[in-house]
Structures are given as structure tokens and as C-alpha cells.
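Student: I'd like a close look at one small part of this protein, and then how that part fits with the rest. Could you walk me through it?

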Amino acid sequence: MYYQGVGLSQDIDSGKYWLEQAADNGHAEAANLVKQWQQAEMLLTTQKQEQHSTKRYQLLIGAIIAVALLIIVII
């Protein structure tokens, strides 16, 4: 109920806590939701890491191009 905001204001952290408690106590649906939540968090983390890596590569390529242009101008 906390997770979805049913009958009260939505509180994701409390919802996650209670889903984990239910999963730990053998509730199959809650265990499935916790598993899906963990997979989603891993995907988001991976996506953020990929975006960070892409930005670093873009900066590196930009720096290489700038140095190459400076070398061409100097020669």
C-alpha cells in the first residue's frame, strides 16, 4: 500500500521495506516484486555507468581532436 500509495500517501522507501519483510516471510508475490525492483535498480545503475563512460569517451575524443588540430596548425 505504501509502495503504490493506496489509501495513504505514497512512500517508496516504506513500501520497499514492507515488501522485503513480506518476501522474507514467504510471500511469493512480494518476493517477485522485490526481485523485479532489484533488477530495475541494477539496470538503472548500469545505464548511469554507461552514460558516464560515454561522456568520458566524448571528452577524450574531443581532447585528441584538439591536440591534433594544434599539431596541424603548428606544423
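Student: Leaving aside its neighbours within four places in sequence, which residues is V34 in contact with?

Tutor: Happy to! Keep in mind that this is a predicted model. Once you set aside the neighbours within four places in sequence, V34 is in contact with L19, E20 and A23.

Now let's put V34 in its setting. V34 belongs to the largest nonpolar core, a group of five residues whose other members are L19, A23, A30 and W37. Two helices, α1 (12-24) and α2 (28-74), each supply at least two residues of this core. The largest share comes from α2, with three residues. As a bit of background, nonpolar side chains tend to be buried together in soluble globular proteins.

Next, zoom out to the whole chain. The protein has two helices and zero strands. Its radius of gyration is 23 Å, well over the 11 Å that the globule rule gives for 75 residues, so the protein is more spread out than a compact globule. Along the principal axes, the C-alpha trace spans about 70 × 25 × 10 Å. Buried residues make up just 8% of the 75 residues. The protein exposes about 6,500 Å², and carbon and sulfur atoms supply 61% of that area.

For a contrast with the core, try I64, which is also found in helix α2. I64 has 51% relative accessibility, and the cut-off for exposed is over 50%, so I64 counts as exposed. To get a feel for distance, take I64 and Q36: they are 28 residues apart in sequence, and their C-alpha atoms are 42 Å apart in space.

Last, the charges: there are 5 positive and 7 negative side chains, and the centres of the two sets lie 14 Å apart.

Note on methods. Residues numbered from 1 in each chain as written. Predicted model: local features only at pLDDT ≥ 70, side-chain atom pairs only at ≥ 80, totals over all residues. Heavy atoms only, no water. Core = buried A, V, L, I, M, F, W, Y, C linked by side-chain atoms within 4.5 Å. Buried < 20%, exposed > 50% of the residue type's maximum accessible area, 1.4 Å probe, protein only. Helix = DSSP H or I, 4+ residues; strand = E, 2+ residues; numbered from the N terminus. Contact = heavy atoms within 4.5 Å. Rg over C-alpha atoms; globule rule 2.2 N^0.38 Å. Areas by Shrake-Rupley, 256 points an atom, 1.4 Å probe, with all protein chains shown as cover. Lys, Arg positive; Asp, Glu negative; His and termini not counted. Charge placed at Lys NZ, Arg CZ, Asp CG, Glu CD.
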